[in-house]
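Reader: Please give me a close account of the pockets in this model. I should also like to see how the parts around them are placed.

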Amino acid sequence: MLITFTSLRGSPGASATTLALTWAWPRHAVAAECDPSGGQALAVFDPDGSLGHRGMFEAMLAARTMPLPQALWRQAITLPDGTGRHFLLPGPQTTRIAESLQWQRLALAFRTWESVDVLADCGRLRSRGMPHAVLGNADLTVLVVRNDRHSLRAVSSSVDLIREEIGLLGTADDGLAVVVAATPAGFPLKEVERQFAKLGLPVVGEMPWDPSSATQFTDTFRPGKRFETSSLLETSRKLGFEIGKRAFSRSRRLRGRAITEQAPARQERPRRELVRRPPSPSIPRPAASAGEGDRHVG
C-alpha cells in the first residue's frame, strides 16, 4: 500500500507523524521522504554522516543500470527500532533536486512493493515541487492538522482545494482522512470530529502532545528508557491499525471497481481446475553494514 501524509501551511507535523507511525507500523514499512522542501530524517538517524549520501536522487542515478525498485531499496536504511521491519528512504535535500525527480516513476516503484507498505511524507500542500504523482497514486492520503483555531479554520475553508491538490474526484471519494496533532490548549477531539464530519472529512485520531518523543524524529535520535512506552508511540500503534485498515479497504474497492469495468459484459462459467497458488512475494531484508551496528537494505 501507498499512504501519503501532507499538511497545510501553519500546520506542521507531517514528518514526525510519518516517522512515528512507520516506527510503530504493524507490517513491514518504509518512511519515504517526498517533501520537496528537503529531507531531514537521514541527519536525525545518522548525525555524523557515516552512511554517506543516500536518497531518491541517488536511486534514480543507479536505476540506469538496475530496476528502480531495487535501486531504491539499496538507498534505504533500517530504522533502529529493533524489529528489522521498518526503514527510511531519504528524500531530496533541496527543492531543486525535488523538481528534477521523476515522481511518477517513483510512485509506481513504491507500488511494486506488495509486501511492504510505503508511508510517504509529501510535505505541505501547494509548496514548490509538490509530488502530485505520489499523492495521486496513494491508497489513502492523511492530512495532518494542528489542533488550533487557525489551522482548523484553514482546513474548513479550503476542503475543495485540498481534494483537488491530492487528485480526488469529489466528496464521494474517501481517499482523504485527517489526523489531528494535539496542542496544550486545543479543542476537544469530539468537537473537531463533529465539525470535520460536516465537510466529509473523517478524523482517524489525534497524535498526543509529546514534544520530548517527537524531537527524536525531528532533531537527533537519542531516545530515553521511556521512549518505547511514550504516549506518542502508544498512540501511533493504535492509529497505524486504523490508517492501514482504511487504506487497505479503499485499495481493494478501487481494484475491484477497475476489474469490473474492464470485464466483458458476458462471461462463460469458468471450468474448475486445480491451480497452484504462486509463492508469496519475498520481503526485502536489510544487509549488515560496516557502520556502528546499523544496517541498510541491500
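Author: What follows treats the two pockets first and then individual helices and loop residues.

The model is predicted, so local features need pLDDT of at least 70 and side-chain atom pairs count only at pLDDT 80 or more, whereas totals for chains, interfaces and linings use all residues. Residues are numbered from 1 along each chain as its sequence is written, and side-chain values use heavy atoms, with hydrogens and water left out.

The chain has twelve helices and ten strands; these are DSSP runs numbered from the N terminus, with helices being H or I of at least four residues and strands E of at least two. Of its 298 residues, 47% count as buried. Here buried means under 20% relative accessible area, exposed means over 50%, and partly exposed lies in between, with a 1.4 Å probe and protein chains only. Among contacts between residues at least 6 apart in sequence, 75% join residues at least 24 apart, a contact being heavy atoms within 4.5 Å.

The largest pocket holds about 580 Å³ of space. A pocket is found on a 1 Å grid over the protein atoms alone, as an open set of points where a 1.4 Å probe fits, with protein on both sides within 12 Å along at least five of seven lines; its lining residues have an atom within 4 Å of a point. Points are joined across faces, edges and corners, and the volume is the space filled by probe spheres set on them. The lining of the largest pocket consists of 29 residues, and P12, G13, A14, S15 and A16 lie nearest its centre. Helix α1 (14-24), strand β5 (117-124) and helix α11 (211-218) each supply at least two residues of this lining. The largest share, four residues, comes from α1. By class, the lining has twelve nonpolar, ten polar and seven charged residues; Ala, Val, Leu, Ile, Met, Phe, Trp, Tyr, Cys and Pro count as nonpolar, Asp, Glu, Lys and Arg as charged, and the others, Gly among them, as polar.

Helix α1 itself is mostly covered, with ten of its eleven residues buried. Among the buried residues are A14 and A16, which also belong to the group nearest the centre of the largest pocket. T17, another residue of α1, has a relative accessible area of 5% and is therefore buried. Beyond residues up to four places away in sequence, T17 touches F5, V144 and M207.

The second largest pocket contains about 440 Å³ of space. Its lining has 21 residues, and M1, R27, E114, D117 and F248 are the closest to its centre. Two or more lining residues are given by each of α6 (103-111) and α12 (231-262), and α12 provides the largest share, eight residues. The lining of the second largest pocket comprises nine nonpolar, four polar and eight charged residues.

R27, one of the residues closest to the centre of the second largest pocket, sits in the loop between α1 and β2 (29-33). Its relative accessible area is 38%, so R27 is partly exposed. Apart from neighbours within four places in sequence, R27 is in contact with R85, H86, E114, S115 and D117. R27 and F241 are 214 residues apart in sequence, and their C-alpha atoms are 9.7 Å apart in space.

Helix α6, which contributes to the second largest pocket, also packs with helix α4 (residues 68-75) at an angle of about 85°, their axes being 9 Å apart. That makes α4 roughly perpendicular to α6. Axes are lines fitted to C-alpha atoms, for helices over the stretch in contact, and angles run from 0 to 180 degrees between N-to-C directions. Angles of 65 to 115 degrees count as roughly perpendicular, those under 35 as roughly parallel, those over 145 as roughly antiparallel and the rest as oblique. On the α4 side L68, P69 and L72 meet R105, L106, A109 and F110 of α6. This contact has six nonpolar, no polar and one charged residues.

Two further loop residues complete the account. P92 lies in the loop between β4 (86-89) and α5 (95-100), and with a relative accessible area of 2% P92 is buried. Leaving aside neighbours within four places in sequence, its contacts include E33, D35, G38 and W103. G186, in the loop between β7 (176-181) and α10 (189-197), is partly exposed, with a relative accessible area of 29%. G186 and D148 are 38 residues apart in sequence and 5.5 Å apart in space, C-alpha to C-alpha.
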